[in-house]
Amino acid sequence: MLHRLWRPSVMSGATQNTIRLFSVSAINAQKRQCKVLVVGGGSGGCSVAAKLSSKFGPGKVMILEPSETHYYQPMFTLVGGGMKKLEESCAPMKETLPSLATWVHDSVAQFEPEANAVVTKTGQRIEYEQLLIAIGLELRYDRVPGLVEALAMPDGGVCSNYSPKYVNRTLEALQKFQRGNAIFTFPNSPVKCPGAPQKIAYIAEHYLRRNRKRQEANIIYNTSLPVIFGVKHYADALWKVAEKRGIKVNLRTNLKQVLPEKNQAVFENLDKPGEEHTIEYSLLHVTPPMATPEVLSSCQGLANAAGFVDVNKDTLQHVKYSNIFAIGDCSSSPNSKTAASAAAQAPVVYKNMLAVMQGMTPSASYNGYASCPLVTGYYSCILAEFDYNLQPLETFPVPQNKERLSMFLLKKHFMPPLYWHAMLNGMWNGPGIVRKLLEPLRKETQ
């Protein structure tokens with residue numbers, strides 16, 4: 001069911017007031033019961049909640065979500081490069097959640113899977129028949145000593161596209177850059193959107209060329225990974241982009257500490273424990289370490305040793321609790337953590353949750369599909385699509401391991417409205433149907 005007919009960047013005051021009449025509202029009570037509880041109102045949780053609430057009607061689905069604002073995080077890369085505004089990437093949470101669901105404006109304090117219940121931070125106890133966990137990953141800037149202090153310095157040259165708090169600093173840092181080292185990092189931890197740490201490196205290089213600063217810049221991409229990208233089909237292309245653009249790529253190199261008063265960053269060699277080197281920076285873009293929230297990672301039986309919801313990678317059903325599922329970044333499924341992954345997981349979770357409710361064995365299967373639009377400049381993008389086996393699973397009848405203007409326009413102009421108007425409404429399940437329709441054309445071009 002459609003519940004939003006607007007774009008965040010152009011919504012008028014009158015439209016806002018009209019929509020508020022139909023938007024979900026927060027509730028406060030000490031004890032609640034529901035058919036389905038969705039913990040987390042991000043892209044995955046919102047999408048499945050929309051499907052389920054349309055199926056069951058008002059009052060059957062609850063969404064536990066503390067945030068006031070919903071962010072379309074894939075846009076942050078473009079915001080950092082000055083191609084979009086931060087306000088275009090967000091909307092009020094109460095206007096993005098499905099209108100037939102009940103929004104509990106609170107956060108989870110304790111999971112009680114044995115009792116089919118959760119306890120919230122305000123003391124509410126919510127009992128459920130089915131639970132969907134969609135609480136994502138937390139940004140842990142505090143795990144790099146000196147980083148929080150560096151980000152607090154307005155002219156320190158340190159920035160990060162991953163947080164709405166810091167994303168505008170990236171363009172500011174590019175504008176103020178004059179000469180020296182411009183360093184971009186990938187942490188030694190799980191991350192969401194693993195292509196984003198290097199996207200901004202390519203965008204920054206293009207920005208500096210456009211503004212006649214490139215000759216004064218030494219651009220470095222330090223990644224903790226042993227490869228530039230996990231899928232060889234696209235990694236081979238990205239190595240060529242980096243080489244052509246004069247971007248130095250250092251593998252297995254992890255940011256250990258920031259010394260903001262000296263404009264220095266300390267890196268460790270992950271292949272040689274104890275080996276470190278310090279380098280001065282004029283610009284430092286940091287992708288922070290990430291982890292699942294402690295309320296999840298500390299729940300024995302619910303989370304695996306790495307802190308993720310322990311699910312079957314195909315059905316996304318918990319391996320121990322049959323009435324619990326997970327979607328998105330907090331799931332243990334070994335896929336690349338992207339919004340496109342959540343879109344592909346949503347119909348699988350929805351069908352399998354319904355199957356369990358009907359006393360059937362879940363049969364819908366997720367193939368690990370992920371998509372990463374690797375923006376390489378202000379007019380170019382490599383659209384990576386792949387599965388669990390890290391094999392290309394491409395949609396369009398052209399080689400997608402090449403920089404293309406068409407893929408950039410898709411990323412910049414088509415994907416945002418698709419997200420706001422289709423995915424969050426439970427109406428976009430990934431490009432599988434499009435891929436099938438284009439299959440004859442793809443075969444002709446091969």
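These are legends for several close-up views of one predicted model.

**View 1. Two domains and the space between their centres.** The domain assignment splits this protein into domain 1, made of residues 31-137 + 292-367, and domain 2, made of residues 141-288. Taken over C-alpha atoms, the centres of the two domains sit 31 Å apart. Where they meet, domain 1 puts 16 residues into the contact and domain 2 puts in 18 residues.

**View 2. What the domain interface is made of.** Putting domain 1 and domain 2 together buries about 1,300 Å², and carbon and sulfur atoms supply 65% of that area. On the domain 1 side, look for Phe76, Thr77 and Gly80: these lose the most area to domain 2, and together they make up 36% of what that side buries. If you go hunting for salt bridges across this interface, you'll find zero. What you will find is three residue pairs in polar contact. Helix 3, residues 76-80, gives the largest share of the domain 1 side that touches domain 2, with four residues. Sorted by class, that side of domain 1 has seven nonpolar, seven polar and two charged residues.

**View 3. Ser89, tucked into a loop.** Ser89 belongs to the loop between helix 3 and strand 4 (90-92). Is Ser89 buried or exposed? With a relative accessible area of 0%, Ser89 is buried. A polar atom of the Ser89 side chain lies 2.6 Å from the backbone oxygen of Leu86. Leaving aside residues up to four places away in sequence, Ser89 touches His70, Tyr71, Tyr72, Met75, Phe76 and Trp420. You've already met one of these: Phe76 is among the residues of domain 1 that lose the most area to domain 2.

**View 4. Cys299 and its partners from elsewhere in the chain.** Find Cys299 in the loop between helix 8 (294-297) and strand 19 (324-326). Cys299 is buried, at 11% relative accessible area. Now pick out Glu112: Cys299 and Glu112 are 187 residues apart in sequence, yet their C-alpha atoms are 8.5 Å apart in space. Not counting residues up to four places away in sequence, Cys299 touches Phe111 and Pro113.

**View 5. Glu403 and two partners on helix 7.** The whole structure holds 18 salt bridges, and this view shows a couple of them. Side chains of opposite charge can pair when their charged atoms come close. Glu403 forms a salt bridge with Lys244, where the closest N and O atoms are 3.3 Å apart. Because Glu403 lies in the loop between strand 21 (381-386) and helix 10 (405-423) while Lys244 lies in helix 7 (residues 232-245), the pair ties together parts that are 159 residues apart in sequence. Glu403 is partly exposed, with a relative accessible area of 28%, whereas Lys244 is exposed at 61%. Glu403 also forms a salt bridge with Arg245, this time with the closest N and O atoms 3.8 Å apart. Arg245 lies in helix 7 and Glu403 in the loop between strand 21 and helix 10, so this pair links parts that are 158 residues apart in sequence. Arg245 counts as buried, at 9% relative accessibility. Step back a little and you can trace a network of salt bridges that links Glu205, Arg209, Arg214, Lys244, Arg245 and Glu403.

**View 6. A salt bridge between two loops.** Here the side chains of Arg252 and Asp271 meet in a salt bridge, 3.0 Å from N to O. Which parts does it join? Arg252 lies in the loop between strand 13 (248-250) and strand 14 (253-259), and Asp271 in the loop between strand 15 (264-269) and strand 16 (276-280), so the pair ties together parts that are 19 residues apart in sequence. Arg252 is partly exposed at 24% relative accessible area, while Asp271 counts as exposed at 52%.

**View 7. Two residues with a positive phi.** Most residues other than glycine have a negative phi. Asn116 has a positive one, near 55 degrees. Asn116 is in the loop between strand 6 (108-112) and strand 7 (117-120), and Asn116 counts as partly exposed at 29% relative accessibility. Arg212 has a positive phi too, near 60 degrees. Look for Arg212 in the loop between helix 6 (196-210) and strand 12 (217-223). Arg212 is exposed, with a relative accessible area of 82%.

Definitions and conventions
Residues are numbered from 1 along each chain as its sequence is written. This is a predicted model: local features need pLDDT of at least 70, side-chain atom pairs count only at pLDDT 80 or more; totals for chains, interfaces and linings use all residues. Side-chain values use heavy atoms; hydrogens and water are left out. Domain bounds come from an automatic or database domain assignment. Contact means heavy atoms within 4.5 Å. Buried area is the accessible area (1.4 Å probe) that two parts lose on being put together, summed over both. A salt bridge is a side-chain nitrogen of Lys or Arg within 4 Å of a carboxyl oxygen of Asp or Glu. A polar contact is a pair of N or O atoms within 3.5 Å; within protein, one must be able to donate a hydrogen and the other to accept it, and residues adjacent in sequence count only if both atoms are side-chain atoms. Ala, Val, Leu, Ile, Met, Phe, Trp, Tyr, Cys and Pro count as nonpolar, Asp, Glu, Lys and Arg as charged, and the others, Gly among them, as polar. Buried means under 20% relative accessible area, exposed over 50%, partly exposed in between (1.4 Å probe, protein chains only).
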